[in-house]
Amino acid sequence: LLYEGPFAGLTTRLKTVSISTAIMGALGVPLLVHFYSGDISASGQYAVGSTAVVCACGSTLAMHFAFSPYIHKLERIPVRKCNMTETTESKEGEEGEGEGDKLET
């Protein structure tokens with residue numbers, strides 16, 4: 001581990017809470033508006049429901065936009081050395097490798 005952001009845990013928790021409230025808002029608000037409409041007209045129900053859903057999901061999108069460049073962890077991943085063999089064909093006029101030469105990387 002080369003670097004860990006000072007607010008990595010906090011931003012992860014905030015994103016988790018924001019996503020869960022957006023999901024609950026997107027699913028729960030239309031149900032609440034539908035079942036507990038009372039004397040509100042259909043257009044009023046749609047206006048209240050859509051405003052609540054847009055606010056719930058919009059705040060999550062804003063948080064994602066604000067924290068997307070934040071680096072939580074920076075780790076070094078070791079490179080595995082593979083024993084691959086490739087066959088190459090030489091082009092006319094090239095010196096060096098002939099047809100069927102093997103390169104090992």
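Me: What share of the protein chain's 105 residues counts as buried?
Reply: 13% of the 105 residues count as buried. Keep in mind that this is a predicted model.

Me: And what makes a residue count as buried here, say Gln 45?
Reply: The cut-off is under 20% relative accessible area. Gln 45 comes in at 17%, so it counts as buried. Gln 45 sits in helix α2.

Me: Which residues does Gln 45 touch, if we skip its neighbours within four places in sequence?
Reply: Val 33, Ser 37 and Ile 40. Val 33 also turns up on the α1 side of the contact between α1 and α2, with Gln 45 on the α2 side.

Me: Back up a little. How are the helices and strands laid out along the protein chain?
Reply: Going from the N terminus, the order is β-α-α-β-β-β. That's 2 helices and 4 strands.

Me: Why are α1 and α2 called roughly antiparallel?
Reply: Take the numbers to begin with: helix α1 covers residues 8–35, helix α2 covers residues 42–67, and they pack at an angle of about 165 degrees with their axes 9 Å apart. Angles over 145 degrees count as roughly antiparallel, and therefore α1 is roughly antiparallel to α2.

Me: Which hand does the crossing of α1 and α2 have?
Reply: Left-handed.

Me: What kinds of residues make up the contact of α1 with α2?
Reply: By class, 14 are nonpolar, 8 polar and 1 charged. From α1 the list includes Leu 14, Lys 15, Ile 19, Ala 22, Ala 26 and Val 29, and from α2 it includes Val 48, Ala 52, Cys 57, Met 63 and Phe 67.

Me: Why is Cys 57 called partly exposed?
Reply: Partly exposed is the band between the 20% and 50% limits. Cys 57 has a relative accessible area of 27%, so it is partly exposed. Cys 57 belongs to helix α2.

Me: How do you know that Cys 57 meets residues distant in sequence?
Reply: Leaving out neighbours within four places in sequence, Cys 57 is in contact with Ala 22 and Ala 26. For Ala 26, the separation from Cys 57 is 31 residues in sequence, while the C-alpha to C-alpha distance is 7.4 Å.

Me: What makes Ile 19 partly exposed?
Reply: Its relative accessibility is 44%, and exposed would need over 50%. So Ile 19 counts as partly exposed. Ile 19 lies in helix α1, and its C-alpha is 9.6 Å from that of His 64, a residue 45 positions away in sequence.

Me: And why does Gly 9 get the label partly exposed?
Reply: Gly 9 has a relative accessible area of 38%, which falls between the 20% and 50% limits, so it is partly exposed. Gly 9 is also part of helix α1. Gly 9 and His 72 are 63 residues apart in sequence, yet 8.1 Å apart in space, C-alpha to C-alpha.

Me: What share of the contacts with a separation of 6 or more links residues 24 or more positions apart?
Reply: 57% of those contacts in the protein chain.

Me: Last one: how much surface does the protein chain expose, and what share do carbon and sulfur atoms supply?
Reply: About 8900 Å² is exposed, with 63% of it from carbon and sulfur atoms.

Conventions:
Residues are numbered from 1 along each chain as its sequence is written. This is a predicted model: local features need pLDDT of at least 70, side-chain atom pairs count only at pLDDT 80 or more; totals for chains, interfaces and linings use all residues. Side-chain values use heavy atoms; hydrogens and water are left out. Buried means under 20% relative accessible area, exposed over 50%, partly exposed in between (1.4 Å probe, protein chains only). Contact means heavy atoms within 4.5 Å. Accessible areas come from the Shrake-Rupley method with a 1.4 Å probe; for residues, only the protein chains shown count as cover. Axes are lines fitted to C-alpha atoms, for helices over the stretch in contact, and angles run from 0 to 180 degrees between N-to-C directions. Angles under 35 degrees count as roughly parallel, over 145 as roughly antiparallel, 65 to 115 as roughly perpendicular and the rest as oblique. A crossing is left-handed if the near helix is turned anticlockwise from the far one by less than a right angle, and right-handed if clockwise. Ala, Val, Leu, Ile, Met, Phe, Trp, Tyr, Cys and Pro count as nonpolar, Asp, Glu, Lys and Arg as charged, and the others, Gly among them, as polar.
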